[in-house]
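The following exercises concern the strands and helices of the structure shown below. Each task is followed by a solution in steps.

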Amino acid sequence: DNTLFEPYTLGALTLANRIVMAPLTRNRAGAGFVASELAVEYYSQRATAGLIISEGAQISQEGQGYQDTPGIYTQAQIDGWRKVTNAVHAKGGHIFLQLWHVGRVSHVDLQPNAQAPVAPSAIKADTKVYVNNAFVDVSEPRALKLDEIQAIIADFRRAAANAITAGFDGVEVHGANGYLLDQFAKDGSNTRTDAYGGSVEGRARIILEVTAAVAAEVGAQRTGVRISPINSITSTDPQAQFNYIAEKLGEMGIAYLHVVEGGRGGPHEAAAFNYAELRAKFANTYIANNGYNLELATSRFTKGEADLFSFGRPFIANPDLVKRLKTAVPLTEVNPTTIYGGGAEGYTDYPFVASNHG
Ligand SMILES: C=C(C(=O)O)c1ccccc1
């Protein structure tokens, strides 16, 4: 098979193609942080993706950083997601849920008892979050105690079990984009001197322990991990840090490593990081992400540099992205004003290619 549109085996799943829908936060969850009814239509519209990875779903109240993002830690949330997975499966699609803990990227208004957001160290992120319908500075975080780290690992494990109960085909541990696990992995945000910091191994410990716990719960073949070696937070030697993480994750036999190449949402730059070296540390499936188009994906695929390619914004505006890429139909541009928050507009109302076309 020499194209992106041939079937691909991922663990026990046969994907119809190598095109993955990347996790996309849309801030449309309803009361109780339950995935909205509209999410049923939104995700099933995009079921022709080889694999859908859902928007980040927080594993606990403490793990939430933005308003109206869905959770995966209550029965009502599980019930809401069940409708989504049923609809995607009814269309022959496959869907993983992204397990999310934001760590320091949060605001006291979202935190239990208005507490400070938690982090590896009490270092405030230089970023804003969408809370109370406005972009506001994040709140000052506090450093986690060792027993709290064990509790968070248990939260990830429980959330993974909930995702399988909700009908997901697997889970993706969110270790990227400046959130909790990424905060531990990078020394720009982790100055701990205990077992969870102070060295390549120490900074990697929590993402490896979380992944081991999740894989023990749902199976290694239904577990993926997302990392972003050089975005969001500075680190001294990202190549050494993430080569080590990739190697240890590879030893666990998990299904895939999903890599944000370059800066999040930025152009796909040939960044100062060797992704081929990283990939060589991980024997299973490598999903390449960030600013791909068909031409770039095809060229890297034919060079054997990645197995699957994930697309974010193109999937927002093109529910039938696979058909458009396969038949060279021009893509609809995303409307940036309706990505975050709102209702059906800019969510479930993007057009499909006319059925008589291609
Ligand atoms: C979960 C996100 C990520 O991984 O970047 C996110 C969160 C808020 C806005 C955009 C993206």
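**Exercise 1. Determine which way the residues of strand β11 point, and whether they are buried or exposed.**

Solution. The model is a predicted one.
- Step 1. Thr-223, Val-225 and Ile-227 point one way from β11, whereas Gly-224 and Arg-226 point the other way.
- Step 2. A residue counts as buried when its relative accessible area is under 20%. By this criterion five of the five residues of β11 are buried, and the strand is mostly covered.

**Exercise 2. Identify the strands that pair with β11, and name a bridge partner in each case.**

Solution.
- Step 1. β10 pairs with β11 in the parallel sense, over four bridges. Here Gly-224 of β11 is the bridge partner of Glu-172.
- Step 2. β11 (residues 223-227) also pairs with β12 (residues 256-260), again in the parallel sense and over four bridges. Arg-226 stands opposite His-258 in β12.
- Step 3. The unit formed by β11, helix α6 (residues 238-252) and β12 is a right-handed β-α-β unit.

**Exercise 3. Place these strands in the sheet to which they belong, and state how many strands it has.**

Solution.
- Step 1. The order is β3-β4-β5-β10-β11-β12-β13-β14, a closed barrel of eight strands with parallel pairing.
- Step 2. On average, neighbouring strands of this sheet are turned by 25° against each other, direction ignored.

**Exercise 4. Explain why β4 is described as largely enclosed, and describe its pairing.**

Solution.
- Step 1. Eight of the eight residues of β4 are buried, and the strand is therefore largely enclosed by the rest of the structure.
- Step 2. β4 pairs with β3 in the parallel sense over two bridges. Leu-51 of β4 is the bridge partner of Val-20.
- Step 3. β4 and β5 run parallel and are joined by five bridges; Trp-100 in β5 is the bridge partner of Gln-58.
- Step 4. With α2, these two strands make a right-handed β-α-β unit.

**Exercise 5. State which residues of helix α1 are buried, and what covers them.**

Solution.
- Step 1. In α1 (residues 37-45), the buried residues are Ala-39, Val-40, Tyr-42, Tyr-43, Ser-44 and Gln-45.
- Step 2. Their cover includes β3 (19-21), β4 (51-58), α2 (75-90) and β5.

**Exercise 6. Describe the packing of helices α3 and α5, and locate α5 relative to the strands.**

Solution.
- Step 1. Two packed helices are described by the angle between their axes and by the distance between those axes.
- Step 2. For α3 (residues 146-165) and α5 (residues 200-218), the angle is about 35° and the axes are 9 Å apart. Their crossing is right-handed.
- Step 3. Among the residues making the contact are Ile-149, Ile-153, Phe-156 and Arg-157 of α3, and Ile-206, Glu-209, Val-210 and Glu-217 of α5.
- Step 4. Sorted by class, the contact has 12 nonpolar, one polar and three charged residues.
- Step 5. α5 also lies across β5 (95-100), β10 (170-174) and β11, and runs at about 155° to β11.

Notes: Residues are numbered from 1 along each chain as its sequence is written. This is a predicted model: local features need pLDDT of at least 70, side-chain atom pairs count only at pLDDT 80 or more; totals for chains, interfaces and linings use all residues. Side-chain values use heavy atoms; hydrogens and water are left out. Axes are lines fitted to C-alpha atoms, for helices over the stretch in contact, and angles run from 0 to 180 degrees between N-to-C directions. A crossing is left-handed if the near helix is turned anticlockwise from the far one by less than a right angle, and right-handed if clockwise. Contact means heavy atoms within 4.5 Å. Ala, Val, Leu, Ile, Met, Phe, Trp, Tyr, Cys and Pro count as nonpolar, Asp, Glu, Lys and Arg as charged, and the others, Gly among them, as polar. Two strands pair if DSSP finds at least two bridges between them. Buried means under 20% relative accessible area, exposed over 50%, partly exposed in between (1.4 Å probe, protein chains only). A crossover is right-handed if, with the strands pointing away from the viewer, the path from the first strand over the helix to the second runs clockwise.
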